Structures are given as structure tokens and as C-alpha cells.
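Q: Hey, I've just opened this one and don't know where to start. Can you walk me through it?

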Amino acid sequence: MQKPSRRTLLRAPIATAGAGLLAACSGSGSKPPHHGSGAGRFVPPGPKGYVNPSDPEVLAAERKRGAGPVRTFRFTAAESTLDLGGKSVRSWAYNEVLPGPLVRVTAGDVLDLTLTNRLPVTTTLHSHGVRLRCDMDGTPDLTQNAIPSRADFTYRFVAAHPGTYLFHSHVGLQPDRALYAPFIVDDPKESLAYDKEWVVVLDDWVDGVDGSTPDQVLAQLKPGGSDAAMPGMAMGPGHGTPSPRRSSSRGRAAGPSRVLRDSHSRMLHGEGGSVAYPLYLANGRLGSRPSVFRCRPGDRVRLRLINAGSETAFRVALGDHRMTVTHTDGYPVVHQETDALLIGMAERYDVLITAKDGVFPLVALAEGKKGKALAVLRTDKGKNLPAPDVHPDELDGKVVPARRLKPADSVALADRHPDREMRIRLTGSMEKYDWAFDHKPYDVRQRHPVRAGERVRLTLINATDMWHPVHMHGHTFALTGLDAVGARKDTSIVLPHRKLVVEFDADNPGLWMLHCHNQYHSESGMMTVLGYLR
């Protein structure tokens, strides 16, 4: 068995970097980043005494990462007609494809990606999970001005750390459209041996279905929406059902209500979510016409599983196969076998499988909801496909949680007493839809101070009845609570009325968002800012 070459990986399904995407090597990475209109040395509002996104401390940290070959790409964000596999919808997408084009570089390369905005509103691009320079983080009003319509912006940074990552817009509810794309940073010293690679991007989908848009869904969830405070939204048995069609205040059809009622998940210790999505997708396809990955019996296949959904955790399993977990959120772990994985929004897992002979469903069950996404692994020459509602036994088998994953020695945080401790409470309720940290809705001027060089212990206390996948920009943290063994992550689930204890090294100066990655929670206010003191 040989390690796959970069050329082989680029030929794999979903690896469509040539679809409307410019990809080229253009020399060394020594020149400074060029920004499109609306850029410059951006200084956000807020208290003095903090390192701003383009300050000398940020530039010095970037220089330490080195500068390899420049890899140049171009995205255009525009309204598009998307084929979901027999069903067409209008939405906003990158380069008119769903998921957006795969971007692939090697650790140490300089990524040079120009985003052209052809939307009727502003947008940005966030490199989720990537430890990068602060002014390239894509957080509107905090690290840059949002990109105006008909303008462009070039994101340029050293991709220093290998792993499985995700691009997505960081403006409003745009990620719940089609504004996301997989981003893979290959390891030039890769130790895994495998024959093929399969990138699988999962999503919950509502945009353009029966007149629905994500913004309309948020309006339904808030007080005053038709179902925002219905008693039936409390925890109960079953997998949830949407309530009937509603009308806008002007009498026009605004799509059916997407408020989820009677939702419950044992694994999530409560409600599965608040949005009843009509569709679930794997690599942009419905289960009735799934994407098919082909290989030979006995092939060792690396799956890169990415949850690009906005409000749904997926329980994922491959029929008649066990999976060996090798990475979570891009960082290697001590290998561990499992039947299934629970993947929260914006989490990523890499697994290895040995393909058997036949046709096998890769199923992503919408946890605590009604529905599932489906893709297919095929090693035979047949044409039959699994039924869209297939439920492999592995979905009900062993599920290894992130806290039980041990980091590989190469990425484990060194033992060290914390220099600073923070405690942040997750607050809010479904009835008021007032999600926040410490009862304070997001304000770009907020700061939770840290100093460069510190080891920080952060305790997240979930005081709500809902689970929350919490994401930290610009860093990874180690899961270090009483029952955790240190896996490195950037996004992690905090269960209702539980706490999550993590530690991280303050080694990337700037201003960094900390937020719930349920897009409807973050847009309602569950965001704050970590700021490096000068």
C-alpha cells in the first residue's frame, strides 16, 4: 500500500477544484497580502490596550510560520440555481456549485484566495479551524470590513497546520445557504497509509424550499413568530414535526413554519434542535439520488467527514463497516475504533475504513430530528442503491465521544499550570430566543482579555436546556475536564446543564471570536471576543 499522491487525491469525488476555480502556484510567499476594496489596516471599535487585527504582533506571528509556495484560488459568491439531485433550488453559492469547490494546499503553503462578491449584500470568508493571521479571519466588523456587493477581497495567509477544515461566510445566516466549501491542508509528513480519500460534506437544507429562507426561519423562532413560544417545543418523545404553513405580515406566503416541536435526543441530553429542516444533504445531494464513491474491495479509504450544517448534529455510520478515528478537527488522535460518530455543526472527523465487497450506505442521521443524509460507497459494478431511509445497525452501535479521544503525542499540549482562568456561562431560552454568553448579547466591543504566552483554562458552563457547539477562532484547545483525555479541537459540544473545560495556549495575537456554531444561536447573540492585551 502506498500513500496517495496529491494528484490522486485531486481526482477523488468532490475534489473539483477546477470547477470555475483558479488554482496555481505563483512563487514564494514573501510579499505582503493584497486586499480588495474595503480593506486596509482595519481597527475595530472597542477598548484600547488590545492587539488589533493587523498590528505588528500579528505580523510577527505570521512571519514565524514561514512562507512556502503561493497557491492561488478564486471564489465568486453569487445567486445560483443548484441541483440537489432531482430537485433544483435558488440559493447563494460559491462558483455555482454545492458544496463549494474543494481547496487543497500543503502545510507551509501560502493560500491566496480572492473572493468576489456578486451577492446583493455584504459577505466575508472565514477559514474555520485554521490557526491563521488575525486580519485574514473573515469576521465582519472585528477583523475586517465586510466585503460590499460588486467588490472583492483577497485572503492571504500561511496554512501552517495540516488538517480538514471548512470555508464559510461569517455574515448573518449566509452559512445556512450554500456559502461553504471544504478546505484540506495536506501533511507533507503524512504517516497514514491509505489507497483512496473520500471527502464527505454534510448539510441541513432549507433555503429555497417552498419559499423558505434562513432569515424567515429565524423570524419564526423569535418571540412574535408564529411558533416561537409554543408549548409543544418543550422536550418530548419522538423526532419532531414542523407546524403548519404561516403567512407574512403582509399576507404573502412566507413558507411553512420550520419550528421543530417534540424533539428529543438521548445523546444530546435534550432537544435535538429548533429547526425542522425539509432536506438533508451529503455532498450536495439528496438521498434519493446520492453521490457514489467507487473503490476496490480491500482498499483502505480515508474519509474526511465535515458537518457544514447550521442547526443539526449528525450521527454518522457506514453500513457493515467499523471506522477507525484518526483525527478530530484536523488534529491527530490515538486511533480508536467506533461504529458511529456524533458530529456537531462545524466539527470534522477523519476516519479510516477497509472497503468490503458490495454497495454500502454512509448514513448521517439528523440527531433528534426527522431525516437523514445519504452517500454510497460502492466496490461492485451493480447499479442498485440503498433506499433513502436505510438505517444500518452501526448507527445504534458504539459511539466514541470526543472527550474519550487521546491526542497523538505530536499535538498533545504539554503539562502546564494555567496562567489564567476564565468562566463563561451559556445563557438563554427557547421561549425568548435570547441566546448569549453571561446574559450579554454580542457586542463587537466586548473583550475577554488574555496575554501572549499564557496557558488559559476556559470553563464553559451551559445554563440552558439546549446543547451548543462552541467554536474558538484562531486557536485549538485541549479537552481537559475530569472525564476528558486531551484531544485537540476548535469546536466542541457543550451539553445542557453541563460544563466543558478546555485549555489553550495564547500563541496567536489579535481579536478572536468565541461563539456557538448553531447559526441561529450565534445570530441571536451567543458570541463574544477573546482579546490579546498589548
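A: Sure. One term to begin with: a residue is called buried when its relative accessible area is under 20%. Also keep in mind that this is a predicted model.

Q: Okay, so what share of the chain is buried?
A: Buried residues make up 62% of the 534 residues.

Q: And which secondary structure does the chain have?
A: There are four helices and 35 strands.

Q: How much surface is there, and what part of that belongs to carbon and sulfur atoms?
A: The chain has an accessible surface of about 19800 Å². Carbon and sulfur atoms account for 50% of that.

Q: What about contacts along the sequence?
A: Take the contacts between residues at least 6 apart in sequence: 77% of them join residues at least 24 apart.

Q: Let's go inside. How many residues are in the largest nonpolar core?
A: That core has 112 residues, and Phe183 and Tyr520 have the most contacts inside it. Strand β23, residues 359–366, gives the most to this core, with four residues.

Q: Is there a general idea behind cores like that?
A: Yes, in soluble globular proteins, nonpolar side chains tend to be buried together.

Q: What does Tyr520 touch?
A: Setting aside residues up to four places away in sequence, Tyr520 touches a list that includes Leu173, Val206, Pro214, Val217, Leu218 and Leu221. Tyr277, Glu311 and Tyr433 are also among the residues touched by Tyr520.

Q: What sits in the second core?
A: The second, separate core has 17 residues, including Ala93, Val199, Ile306 and Ala308.

Q: Some names in the Tyr520 list fall in helix α3. Which residues of α3 are buried?
A: Helix α3 covers residues 214–221, and its buried residues are Pro214, Val217, Leu218, Gln220 and Leu221. Looking down the axis of α3, they fall within an arc of 155 degrees, so they line one face of the helix.

Q: How about helix α2, which residues are buried there?
A: In α2, residues 56–64, the buried ones are Val58, Ala61 and Glu62. Their arc, seen down the axis of α2, is 100 degrees, so these residues line one face of the helix too.

Q: What's on the face of α2 turned away from its buried side?
A: That face carries the exposed residues Pro56, Arg63 and Lys64. As for the buried residues of α2, what covers them includes strand β7, residues 152–158.

Q: And just after α2?
A: Gly66 is there, with a positive phi of about 80 degrees.

Q: Switching to rings. How many aromatic pairs are there?
A: The structure holds nine aromatic pairs. In one of them, the ring centres of Phe153 and Tyr155 are 4.6 Å apart and the planes are at 45 degrees, so that pair is tilted.

Q: Are those two buried or exposed?
A: Phe153 counts as buried, at 2% relative accessibility. Tyr155 is buried as well, with a relative accessible area of 2%.

Q: Got another pair?
A: Tyr280 and Phe314 form an edge-to-face pair, 6.0 Å centre to centre with 90 degrees between the planes. Tyr280 is in strand β15 (residues 279–282) and Phe314 is in strand β18 (residues 314–318), so the pair ties together parts that are 34 residues apart in sequence. Tyr280 is buried at 5%, and Phe314 is buried at 0%.

Q: Which rings are linked into a cluster?
A: Ring pairs link Phe75, Tyr94, Tyr165, Phe167 and Phe183 into a cluster.

Q: What lies over the face of Trp92?
A: Arg177 does, at 4.0 Å from the ring centre. Likewise, Arg447 lies over the face of Tyr50, at 6.0 Å from the ring centre.

Q: Where is Gly344?
A: Gly344 is in the loop between β21 (341–343) and β22 (348–354), and at 0% relative accessibility it counts as buried. Apart from residues up to four places away in sequence, Gly344 touches Asn307, Ala313, Trp467 and Ile493.

Q: Last one: where does Ser127 lie, and what is it in contact with?
A: Ser127 lies in strand β6, residues 126–128, and is buried, with a relative accessible area of 2%. Beyond its neighbours within four places in sequence, Ser127 is in contact with Leu132, Asp137, Phe157, Leu166 and Phe167. Ser127 and Pro182 are 55 residues apart in sequence, yet 9.6 Å apart in space, C-alpha to C-alpha.

Terms used: Residues numbered from 1 in each chain as written. Predicted model: local features only at pLDDT ≥ 70, side-chain atom pairs only at ≥ 80, totals over all residues. Heavy atoms only, no water. Core = buried A, V, L, I, M, F, W, Y, C linked by side-chain atoms within 4.5 Å. Buried < 20%, exposed > 50% of the residue type's maximum accessible area, 1.4 Å probe, protein only. Helix = DSSP H or I, 4+ residues; strand = E, 2+ residues; numbered from the N terminus. Contact = heavy atoms within 4.5 Å. Phe/Tyr/Trp six-rings, centres within 6.5 Å; stacked < 30°, edge-to-face > 60°. Lys NZ or Arg CZ within 6 Å of the ring centre and 35° of its normal. Areas by Shrake-Rupley, 256 points an atom, 1.4 Å probe, with all protein chains shown as cover. Arc of directions from axis to C-beta.
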